[in-house]
Structures are given as structure tokens and as C-alpha cells.
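Subject: Structure for your review

Dear colleague,

Please find below the structure that I am handing over to you. My findings follow directly after it.

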Amino acid sequence: LCHRYLSAEGPADLRRLFHRLTIASSLSILCFSLVYLLTGCCESELTENSEIKSPVREFLASGSGWPHERNGTGAGEGAPGSGHPGLEGNSSGKEWTATRRLPQALIIGVKKGGTRALLEFLRLHPDIRALGSEPHFFDRHYARGLDWYRSMMPKALDGQIVMEKTPRYFVTVETPARVHAMSRDVKLIVVVRDPVTRAISDYTQIISKTPDIPSFESLAFKNRTTGQIDSLWSPLWIGLYAQHMERWLAWFPRTQIHLVSGERLISDPAGELGKVQDFLGLQRIVTDKHFYFNKTKGFPCLKKPEGSSKPHCLGKTKGRTHASIDPDVMQKLREFYKPHNQRFYQMAGQNFGWQ
């Protein structure tokens, strides 16, 4: 009897046990699935956020060195791994891109006026991207075309001004029309200096390269006895600023041409740089805190740039001792330039005070 009872009850117990195990297993699987889904979503969200924020952090971190990094002109600039911002994308597909553009501003002259100093001072500004070398596109390499010219420019972000300097542009007859054909809105900067001291500086540079040339006095005159000046001799011809300025004003309004005093660029570099930054529509970031006067060289130098342990002065070719010139010749040259200077002052709307 007992045996028959156990036999009858056994299958029912097993069915109940199996039913309970089935319910428990289903609950376990359901709980596990819920946990998996919840943790998976959180992980996905964290991953997505980190992908968005990572380039932003890199973008902000790299910005600390922009005033110097962005104005470098080394090879491979802007390439991946070069340290320049603007070449990485985020997860939304947007990119901070630096591209090569035609210049929006040109330092067009004059030779031995202070163009190199002005360029180096301007390159401190984070919103200026300037080519370090002189491309001579509009006077020597125009046949290469605008695509070649663009390829020479440093890469720049939106909002940055691309510029270059070639002092020969100011005196080359064909250049104003060629620049206008590229852009009628380009901003033009001319650094001018007392034409007599500019001519002597020019001659000093010439004899440093070709010491055997004739004296300044013999080259400056067609006839020393009659005192007739040779105005076609390059060091003197460049100083005929009114003649050259007239050609530029035939193509560009006066408001697009900014004149920098070479003398004040030495005595008050921050003041002259402030006016140039205003002309370019930029915030005045380069100020007097960036300069100190080097008594040995006789012109301003930059204080210690970021990431450098030494102050930065222009090269050995700048600040040369001028050749000694006969005072009578100097006086004759001042008399020769006087009417030309007066005409230039009228064009410029200011008196540069050259005696």
C-alpha cells in the first residue's frame, strides 16, 4: 500500500519541482537580460560622450601654444601629428580645418624700411598667419599662376588673416594691377623711412655682398661736378615714394593702404603695431609688453617668446653700421628729395618729418 502511494505521488512532486525550476530559470534569465541592457546602454552613452569630448580636450589643450605654433612655416605644417590644431574631427562629423588661402593682406614695401621687423612683430598675433619667406609672386613668378601662389601660403583657420611680404612689390610697375586682379579688397601695408637714410642702408647691404662696387657718392650722381642726381640708381629710385604710391592709388582706394613709419617702428614699436592691428580689424594683442630696446643693435627686440629661454632679435644682417657718406652729398640728396617728400605727405595725409 505504501509502495503504491509513493508511486502515485512521485510524478506529481517531480512536476511541481520542475515547474518551480522553470519559473526560477525564467526569472533569472529576465533579470540577467535587464541588467545587460541597462549596463550596455550606460556604457554606450559613456563611450559616445568620451568620443565627443576627447577631440575638444585636445583642441583646447593645443590652443595654449597657438600664437607661436600657428605662425610657424615649417615643412609639413598642418599635417597629422604636426601639433597644429584644426585637423581632427569629432563624432558629429564636424571638423576644425586649416586650409591654404590667398592672402588677405600684403606688406608691399619698402626695401630697407623695416618690413622684416614688422612681419616678425605681427606674427606674434594668433589671428595672423604669415609666410616667412618672400614669394615674389607678383613681380617675378606671376606666370606660375594663383594656384601656385596659394600653395605657398601657410594653412589658416577661419577668421585668421593670411599675409606675406615682398618689398619689391611697391616699386614694380605691373604689380598693382596684378594684385587687384587677385583681390580688389586686399589690405596693403607700406613701411616708409627717410629716403636718404634708406638709400644709405640699401647701399650698405649691397657692399656687404659686393665689396668692390664704386662709392656711394660716385653712384648717386650722374655728374658730380654739376650735382645732377642719378634718380634711376635703385637705392635712390626706391625713395621716390610719391611716384610709386601714385600707381597704387590708381587701383586701390587710400583707405586700403596703411603707411607705417619706419622711424616710429623703432622708437615706438607697440604704437605702430597697434595701428596696424586696427587697420587689419584685429584685437590689439601685440603690445608694449612684447618688446625691449636692444642698445647694441639700435632697434627693438622681442622679449622671451613662449617656449624659449632667449629673447628674439632680428638676424645679424639687421642693424649694420651704415657706410660713411660725405655730408655735402647727404645735403644734396635731402634737397633732391624735399619736393618728392612733400608730395608724398599730401598723398599720405601725414607729415613723416624727414629733414
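Arg 116 is found in helix 3. In this predicted model, Arg 116 is also among the residues covered by the UniProt annotation "binding site", which comes from an unreviewed entry. That annotation further includes Lys 112, Gly 113, Gly 114 and Thr 115, as well as Arg 193, Ser 201 and the residues Lys 318, Gly 319, Arg 320, Thr 321 and His 322.

One of the annotated residues, Gly 113, lies in the loop between strand 2 and helix 3. Is Gly 113 buried or exposed? Its relative accessibility is 7%, and because buried means under 20%, Gly 113 counts as buried. Leaving aside residues up to four places away in sequence, Gly 113 touches Val 191, Arg 193 and Gly 262. Of these contacts, Arg 193 is itself covered by the "binding site" annotation.

Helix 3 and its partners

Helix 3 comprises residues 115-122 and packs against helix 11, residues 269-279, at an angle of about 70°, with the two axes 11 Å apart. The two helices are therefore roughly perpendicular to each other. On the helix 3 side, the contact is made by Leu 118, Phe 121 and Leu 122; on the helix 11 side, by Pro 269, Leu 273 and Val 276. By class, this contact has six nonpolar residues, with no polar and no charged ones.

Helix 3 also lies across strand 2, strand 3, strand 5 (161-165), strand 6 and strand 9, and runs at about 160° to strand 2.

The sheet

Five strands form an open sheet in the order 3-5-2-6-9, with parallel pairing. Strand 3 (128-130) and strand 9 (257-261) are the edge strands, each of which pairs on one side only. From one strand to the next, the twist averages 25°.

Within this sheet, strand 2 (residues 105-109) and strand 6 (residues 187-192) run parallel and are joined by four bridges. Ala 105 stands opposite Lys 187 of strand 6. Strand 6 is in turn joined to strand 9 by five bridges, and this pair also runs parallel. Here Val 191 stands opposite Val 260 in strand 9; Val 191 is one of the residues that Gly 113 touches.

How enclosed is strand 9, given that five of its five residues are buried? Strand 9 is largely enclosed by the rest of the structure, because each of those five residues is buried. Both of its faces are covered: Ile 257, Leu 259 and Ser 261 are buried on one side, and His 258 and Val 260 on the other.

Helix 6 and helix 12

A further helix pair is formed by helix 6 (residues 195-209) and helix 12 (residues 327-348), whose axes come within 9 Å and cross at roughly 125°. That makes helix 6 oblique to helix 12. Pro 195, Val 196, Thr 197 and Ile 200 in helix 6 meet Met 330, Leu 333, Arg 334, Tyr 337 and Asn 341 in helix 12. By class, the contact has six nonpolar, two polar and one charged residues. The annotated residue Ser 201 belongs to the residue range of helix 6.

The chain overall

The protein chain has 12 helices and 11 strands. Of its 355 residues, 40% count as buried. Among contacts with a separation of 6 or more, residues 24 or more positions apart account for 70%.

Yours sincerely

How values were computed. Residues numbered from 1 in each chain as written. Predicted model: local features only at pLDDT ≥ 70, side-chain atom pairs only at ≥ 80, totals over all residues. Heavy atoms only, no water. Axes fitted to C-alpha atoms, helices over the stretch in contact; angles between N-to-C directions. Parallel < 35°, antiparallel > 145°, perpendicular 65-115°, else oblique. Contact = heavy atoms within 4.5 Å. Nonpolar A, V, L, I, M, F, W, Y, C, P; charged D, E, K, R; others polar. Pairing = 2+ DSSP bridges. UniProt positions renumbered as here; feature names shortened; annotations may be inferred. Buried < 20%, exposed > 50% of the residue type's maximum accessible area, 1.4 Å probe, protein only.
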